[in-house]
Amino acid sequence: MTSKPLREWSSEELRVLSDAIEIEVSASRGDGGFGRWTTIWVVVAGAEVFVRTWHRRETGWYGGAVRSAAAQVRVGDTTVDVTVEAIGDTDAATVDAAYRSKYGGLAVRSMVTAEAAASTLRLIPRR
């Protein structure tokens with residue numbers, strides 16, 4: 001399977017992702033298909049898009065996305081293929097600030113913890 005080249009997020013995509021309270025993610029499976037859609041939170045910091053899980057597992061959307069390094073994200077009627085890069089707590093302060101700004105107290109309880117920061121994934125759009 002030929003890998004699609006990476007691209008940057010457009011300003012419109014970043015705006016839509018920044019405005020969305022929730023998005024849906026579907027991790028790539030080993031057979032070339034995608035798993036079920038799961039609703040998650042998303043943040044934008046600068047020109048980059050990040051997601052986390054409050055409970056890291058090797059199963060579900062998170063485990064599948066980390067293993068395959070590929071997923072699809074959906075906001076409304078728009079679906080984007082993404083490369084998934086596990087960055088752990090790299091840039092944790094920046095991503096934490098984005099979660100606090102967007103989700104307030106809810107983020108502090110679940111998404112701005114050391115465990116959640118360790119689960120940070122950068123989403124990079126593919127052509």
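Where is the place of alanine 107? Select alanine 107 and you land in helix α4, residues 105-110. Keep in mind throughout that this is a predicted model.

**Stop 1: around alanine 107**

Switch on the surface and look for alanine 107: its relative accessibility is 0%, so it counts as buried. Now show its surroundings. Leaving aside residues up to four places away in sequence, alanine 107 touches Trp41, Tyr99, Arg100 and Val112. If you want a distance to draw, try alanine 107 to valine 44: C-alpha to C-alpha they are 14 Å apart in space, and 63 residues apart in sequence.

**Stop 2: the rings**

Stay with Trp41, one of the residues that alanine 107 touches. How many aromatic pairs does the structure hold? There are three. For one of them, select tryptophan 41 and tyrosine 103: the ring centres are 3.9 Å apart and the planes sit at 5°, so this pair is stacked. Colour by secondary structure and you'll see tryptophan 41 in the loop between β2 (38-40) and β3 (43-45), with tyrosine 103 in helix α3 (residues 92-103), so the pair ties together parts that are 62 residues apart in sequence.

Are tryptophan 41 and tyrosine 103 buried or exposed? Both are buried. Add Tyr99 to the selection, and you have a cluster of Trp41, Tyr99 and Tyr103 linked by ring pairs.

There is another ring to visit: tryptophan 37. Show it together with arginine 74, whose charged end sits over the ring, 4.0 Å from the ring centre.

**Stop 3: the sheet**

Hide the side chains and go to cartoon view. You're looking for an open sheet of seven strands, in the order β2-β1-β5-β6-β7-β4-β3, with antiparallel pairing. Which are the edge strands? They are β2 and β3, each pairing on one side only. Turn the view and you can follow the twist: on average, neighbouring strands are turned by 40° against each other, ignoring direction.

Zoom in on the β3 edge. Three bridges hold β3 and β4 in an antiparallel pairing, and here valine 44 stands opposite valine 49 in β4. Bring helix α3 back into view: α3 packs on the sheet, where it touches β3 and β4, and its direction makes about 125° with that of β3.

**Stop 4: strand β7**

Next, select residues 121-125, which make up β7. To one side, β4 (residues 48-51) runs antiparallel to β7 and is joined to it by three bridges. Click phenylalanine 50 there and look across to arginine 122 in β7, which stands opposite. The other partner is β6 (residues 78-86), paired with β7 in the antiparallel sense over five bridges. In that pairing, threonine 83 faces isoleucine 124 as its opposite number in β7.

Now show the β7 side chains. In a regular strand, side chains alternate between the two faces of the sheet. Here Leu121, Leu123 and Pro125 point one way, while Arg122 and Ile124 point the other. The strand is mostly covered, with five of its five residues buried.

**Stop 5: charged pairs**

Arg122 makes a handy bridge to the last topic. Select it with Glu48, Glu85 and Asp91, and you get a network of linked salt bridges. How many salt bridges are there by the count? Nine. Side chains of opposite charge can pair when their charged atoms come close, and there are some more examples to click through:

- Arginine 7 and glutamate 13: their closest N and O atoms are 2.6 Å apart. Arginine 7 is partly exposed at 22% relative accessibility, whereas glutamate 13 is buried at 18%.
- Glutamate 12 and arginine 15: the N to O distance is 2.6 Å. The two are three residues apart in helix α1 (residues 11-19), so about one helical turn separates them. Glutamate 12 is partly exposed at 43% relative accessibility, and arginine 15 is partly exposed at 42%.
- Aspartate 31 and arginine 29: this salt bridge comes in at 3.1 Å, N to O. Aspartate 31 is exposed, with a relative accessible area of 57%, while arginine 29 is partly exposed at 42%.

Technical notes. Residues numbered from 1 in each chain as written. Predicted model: local features only at pLDDT ≥ 70, side-chain atom pairs only at ≥ 80, totals over all residues. Heavy atoms only, no water. Buried < 20%, exposed > 50% of the residue type's maximum accessible area, 1.4 Å probe, protein only. Helix = DSSP H or I, 4+ residues; strand = E, 2+ residues; numbered from the N terminus. Pairing = 2+ DSSP bridges. Phe/Tyr/Trp six-rings, centres within 6.5 Å; stacked < 30°, edge-to-face > 60°. Lys NZ or Arg CZ within 6 Å of the ring centre and 35° of its normal. Contact = heavy atoms within 4.5 Å. Salt bridge = Lys/Arg side-chain N within 4 Å of Asp/Glu carboxyl O. Axes fitted to C-alpha atoms, helices over the stretch in contact; angles between N-to-C directions.
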